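Student: Hello! I'm new to this model and would like a close look at one part of it, with a picture of what surrounds that part.

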Amino acid sequence: MEALLAERGIVRSTLAGIPKRDRADVEQAVFIGAWSAIRRGMYRPNPKDDPRDALRKWLHGIAWRQAAKYLDSAYVRRFILDPQPLSRLRGIVGPSLHAQVEARDLLRAIERLEPRHQEILLAVDTPETLSAYAAQRGMNPFTAASRLRIAREALALRLRRWRR
């Protein structure tokens with residue numbers, strides 16, 4: 001591996017046409033490809049050639065093919081450079097200030113609930129189902145649904161009282 005990394009200059013000069021933002025990634029792909037090829041026994045230089053020259057030619061070929069693959073990728077062909085990408089958007093980006101205030105109020109109301117109600121309300125937001133939540137805690141799924149309903153009612157009551 002040290003011999004490969006010692007020839008980093010030939011790889012970098014071959015990848016000079018690649019944009020700087022992606023050059024390190026393509027360089028990494030070159031060295032990973034070269035190392036895996038060596039491990040599979042794919043590097044068979046001509047015994048008549050100087051070992052360093054043979055390695056440099058071989059790395060140049062790998063770098064050239066990786067650069068071609070990169071430049072041929074759909075990501076590069078469809079990439080649009082824009083100094084102000086947010087200016088291309090037509091609407092408001094992200095939640096409005098009103099929605100942020102409402103979300104903050106809702107979190108404060110949840111914070112004031114009992115811990116068992118907080119737990120079941122926050123468990124609904126996880127990707128697991130309510131029945132999986134119940135199974136993890138060794139309870140009946142209908143009990144979990146009932147506790148969720150009670151927690152939602154407690155939250156609604158808390159929000160009504162708080163907004164008065």
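What is the relative accessible area of arginine 12, and is this residue buried or partly exposed?

Tutor: Happy to help! Please keep in mind that this is a predicted model, in which local features need pLDDT of at least 70 and side-chain atom pairs count only at pLDDT 80 or more, while totals for chains, interfaces and linings use all residues. Residues are numbered from 1 along each chain as its sequence is written, and side-chain values use heavy atoms, leaving out hydrogens and water.

Arginine 12 is partly exposed, with a relative accessible area of 45%. On this scale, buried means under 20% relative accessible area, exposed over 50%, and partly exposed in between (1.4 Å probe, protein chains only).

Now for its partner. Arginine 12 forms a salt bridge with glutamate 27, their closest N and O atoms being 3.5 Å apart; a salt bridge here is a side-chain nitrogen of Lys or Arg within 4 Å of a carboxyl oxygen of Asp or Glu. Because arginine 12 lies in helix 2 and glutamate 27 in helix 3 (residues 20–39), the pair ties together parts that are 15 residues apart in sequence. Glutamate 27 is buried, with a relative accessible area of 8%.

Let's step back to the loop just before. Glutamate 7 sits between helix 1 and helix 2 (8–14), and it is buried too, at a relative accessible area of 5%. Its side chain meets that of arginine 52 in a salt bridge (2.7 Å, N to O). This pair links distant parts of the chain, the loop between helix 1 and helix 2 on one side and helix 4 on the other, 45 residues apart. Arginine 52 counts as partly exposed, at 48% relative accessibility. A network of salt bridges links Glu7, Arg52 and Arg56. Setting aside neighbours within four places in sequence, glutamate 7 is in contact (heavy atoms within 4.5 Å) with Arg52, Leu55, Arg56 and Leu59.

That brings us to helix 4 itself. It has 22 residues (residues 51–72), which at 1.5 Å a residue should span 32 Å, and its end C-alpha atoms are indeed 32 Å apart; the expected span is 1.5 Å times one less than the number of residues. Its buried residues include Leu55, Trp58, Leu59, Ile62 and Gln66. An α-helix has 3.6 residues a turn, so residues three or four places apart point the same way.

On the other side of the loop, leucine 5 lies in helix 1 (residues 2–6) and counts as partly exposed, at 43% relative accessibility. Met1, Leu5 and Trp35 form a nonpolar surface patch with about 270 Å² of accessible area together. Such patches use residues with over 30% relative accessible area and no salt bridge, joining like charges within 9 Å and nonpolar side chains (Val, Leu, Ile, Met, Phe, Trp, Tyr) within 5 Å.

Finally, the wider setting. The chain has nine helices and zero strands; these are DSSP runs numbered from the N terminus, with helices being H or I of at least four residues and strands E of at least two. Buried residues make up 24% of its 164 residues. Among contacts with a separation of 6 or more, 62% join residues 24 or more positions apart. The count of salt bridges comes to nine, and the two pairs we followed are among those described here.

Conventions. Accessible areas come from the Shrake-Rupley method with a 1.4 Å probe; for residues, only the protein chains shown count as cover.
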